[in-house]
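The following exercises ask the reader to work from positions and contacts towards a local picture. Each task is followed by a solution in steps.

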Amino acid sequence: MFRLLKYLKTYKKETVLGPLFKLMEASFELLVPLVMASIIDVGIQNADKKHIFAMGGVLFLLAAVGFGCAITAQFFAAKASVGFATNLRHVIFEHIQTRSYAQMDEFGTSTMMNRLTSDVNQVQTGVNLTLRLLLRSPFIVFGAMIMAFTVDVKGAMIFVVTIPILAVVVFAILLINIPLYKKVQRALDKVVVKTRENLTGVRVVRAFSMEREEVEGYDASVDILKKYQLFAGRVSAFMNPVTFAVVNGATLVLLYKGAVEIDAGFLSQGQLIALVNYMAQILVELVKLANLIITITKSMAGGARIADMLYGDEEEKSKNVNAVTSEKRDSECNKKESIGEQKDIPVPAINDIAFQKVSYIYKGAASPSISNLSFNAKKGDIVGVIGGTGSGKTSLINLLAGFYEAAEGRVLINGKDITACNAEDLRACIGIVPQTAVLFKGTIEENLKWGKADATEEEMWEALELAQAKEFVEQKPNKLKEAVLQGGKNFSGGQRQRLCMARAFVRKPDVLILDDSTSALDYATESKVRQGIRKLTEDAICFIVSQRAASIMDADLLIVLDEGEVAGMGTHEELLKSCNVYAEIYYSQFPEDREEAGNA
């Protein structure tokens with residue numbers, strides 16, 4: 001949490017002036033009981049109207065100056081807290097943009113969204129209230145005790161006993177509540193996950209009539225959140241009645257002792273009223289402090305979660321370094337020697353790609369998604385990757401693009417380890433059409449320029465033609481300027497896929513990766529797209545991932561994956577004869593060829 005306070009650096013003036021003006025307001029507030037005592041003991045006792053009006057003017061002046069100080073403090077605290085939250089959101093968003101796929105998988109979309117919104121809001125509120133009240137409340141509490149000593153030493157001793165008791169109550173509840181609010185935020189993450197899943201998969205839920213089951217699952221998540229929130233709320237709510245009970249008990253003792261001293265002539269009525277007012281001030285400030293502590297508790301829980309996302313990987317790396325055995329150190333040294341000392345190697349163009357005994361396992365997974373994969377692809381090659389669901393096809397693509405780092409083995413680009421290559425250069429040479437067609441709100445032209453920012457209109461039309469998207473774009477009233485809704489909802493699934501392909505094609509990349517990107521196309525359109533791909537990749541390397549044998553059967557090299565293992569590698573004809581997995585996939589899609597093969 002405290003590591004996040006560095007984002008307040010640009011608001012140093014506000015973080016100093018905010019509490020300073022609050023302390024000035026508190027100072028004027030501490031003078032009010034003394035003025036009231038003077039009105040009672042001098043003005044009312046002696047029927048001195050001039051003194052009463054004069055002291056009334058002083059009260060009005062104290063109120064006016066205190067109000068001005070309070071408004072000024074509010075302004076500085078709000079400016080600092082909002083600016084801090086703005087800086088923090090920028091940092092979190094930039095951090096998310098630089099995270100690897102593996103790190104994104106670890107946290108999950110809903111958790112990152114929660115930390116960017118809910119957690120930042122809580123931290124912002126905590127900073128605001130801290131600047132306003134963290135110094136003011138203790139200042140009033142201890143200031144009231146000191147002022148009580150100037151009024152009556154015996155009466156002030158009640159304050160000396162009361163304040164430590166209240167401090168114990170407040171900090172005990174604080175220690176209980178911090179872990180509770182962390183549980184609340186984790187439960188909230190799960191509710192957000194369920195909500196997001198149902199919103200994105202609403203058609204699937206309805207198609208399989210699973211509404212009741214999903215509602216029950218959502219209700220279960222909400223019930224857990226409710227349970228934690230109620231428990232945390234009850235603990236927090238316990239603070240106010242306890243503080244009221246302690247302070248009111250102290251007030252009763254004060255009134256009794258004060259009455260005895262007034263009767264004995266050691267204390268005036270005005271002085272007793274001043275002591276009661278100071279006790280009331282303490283009560284009010286402790287209620288404020290209690291609420292502040294509850295807010296700070298939530299803020300600290302949210303801040304800890306944000307810090308975990310921003311700095312958790314650094315701490316994990318540090319722990320891992322300290323825990324590395326001598327054997328692992330030797331293997332790491334050997335790996336570094338094989339890669340070479342040079343880092344951030346420029347990648348002007350990609351001429352060949354090689355996988356050397358590459359394996360990858362997702363964090364927390366029981367088995368690798370890719371095991372011992374080796375192949376080589378050169379410029380002009382089309383490589384097809386096929387296999388069932390969960391066979392490791394997408395993992396291979398993510399390793400190829402440098403999104404994941406191999407757990408074992410090496411991925412080589414132009415003979416250099418991919419981890420040593422400049423990431424920006426590497427991405428500039430690669431065009432990817434993801435498994436899920438993603439379009440951004442804007443226009444068709446703006447979406448295509450994601451592939452190449454300075455693409456000309458001619459280049460964009462050429463890319464659209466290769467992707468078989470030119471025809472439907474030309475039919476749009478605004479053509480390239482046609483609006484695209486968020487997620488491309490105003491286009492069909494096949495149109496979205498073709499626009500995504502055009503976005504990759506316009507870049508004319510050295511490496512083109514198509515991750516099951518023709519699944520929504522009919523066979524005739526897909527055939528034309530494959531012709532466009534062949535034309536585009538005459539001087540490039542193309543990887544086509546698909547579950548359709550027809551999509552990759554013309555490839556120069558086919559890689560067949562089965563549960564992360566390489567089941568076969570070769571051309572279509574070779575694999576039909578030598579690979580049972582590929583043959584089963586092919587003949588299940590083309591049963592007539594099985595009959596012909598059987599007859600032959």
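**Exercise 1. Locate Lys 508 and describe its backbone and its exposure.**

Lys 508 is placed in the loop that runs between α17 and β9, where helices (H or I, at least four residues) and strands (E, at least two) are DSSP runs numbered from the N terminus. The model is a predicted one, in which local features need pLDDT of at least 70 and side-chain atom pairs count only at pLDDT 80 or more, whereas totals for chains, interfaces and linings use all residues. Residues are numbered from 1 along each chain as its sequence is written, and side-chain values use heavy atoms, with hydrogens and water left out.

Turning to the backbone, Lys 508 has a positive phi of about 50° although it is not a glycine. Most residues other than glycine have a negative phi.

For the last step, the relative accessible area of Lys 508 is 47%, and the residue is therefore partly exposed; buried means under 20%, exposed over 50%, and partly exposed in between (1.4 Å probe, protein chains only).

**Exercise 2. Treat Ala 47 in the manner of the previous exercise, beginning with its loop.**

Ala 47 belongs to the loop between α1 (12-44) and α2 (49-98). Its phi is positive, at about 55°, although Ala 47 is not a glycine. Because its relative accessibility is 65%, Ala 47 counts as exposed.

**Exercise 3. Test the length of helix α17 against expectation, then establish what covers its buried residues.**

The expected span of a helix is 1.5 Å times one less than its number of residues. For the 13 residues of α17 (residues 493-505) this should give 18 Å, and the end C-alpha atoms are 18 Å apart, so the two agree.

As to cover, eleven of the 13 residues of α17 are buried, among them Gly 494, Leu 499, Cys 500, Met 501 and Phe 505. The elements that cover these buried residues include β6 (430-433), α14 (444-448), α15 (457-466), α16 (470-474), β9 (511-515) and α18 (523-536).

**Exercise 4. Repeat the span test for helix α8 and list its buried residues.**

With 27 residues (211-237), α8 should span 39 Å, and its end C-alpha atoms are 37 Å apart, which agrees. The buried residues of α8 are Ser 221, Leu 225, Ala 232, Val 235 and Ser 236.

**Exercise 5. Which polar contacts does the side chain of Arg 548 make?**

Arg 548 is found in the loop between β10 (541-546) and α19 (549-552), and because its relative accessibility is 18% it counts as buried. A polar contact is a pair of N or O atoms within 3.5 Å; within protein, one must be able to donate a hydrogen and the other to accept it, and residues adjacent in sequence count only if both atoms are side-chain atoms. The side chain of Arg 548 makes such a contact with the side chain of Glu 526 at 2.5 Å, and the side chain of Arg 548 also reaches the backbone oxygen of Leu 521 at 2.9 Å.

Counting contacts as heavy atoms within 4.5 Å, and leaving out residues up to four places away in sequence, Arg 548 touches residues including Ile 386, Thr 518, Tyr 523 and Gln 589.

**Exercise 6. Decide whether Phe 543 is buried or exposed, and name some of its neighbours.**

Phe 543 lies in strand β10 and, with a relative accessible area of 0%, is buried. Beyond residues up to four places away in sequence, Phe 543 touches residues including Ile 353, Phe 375, Val 383, Leu 400 and Ile 513.
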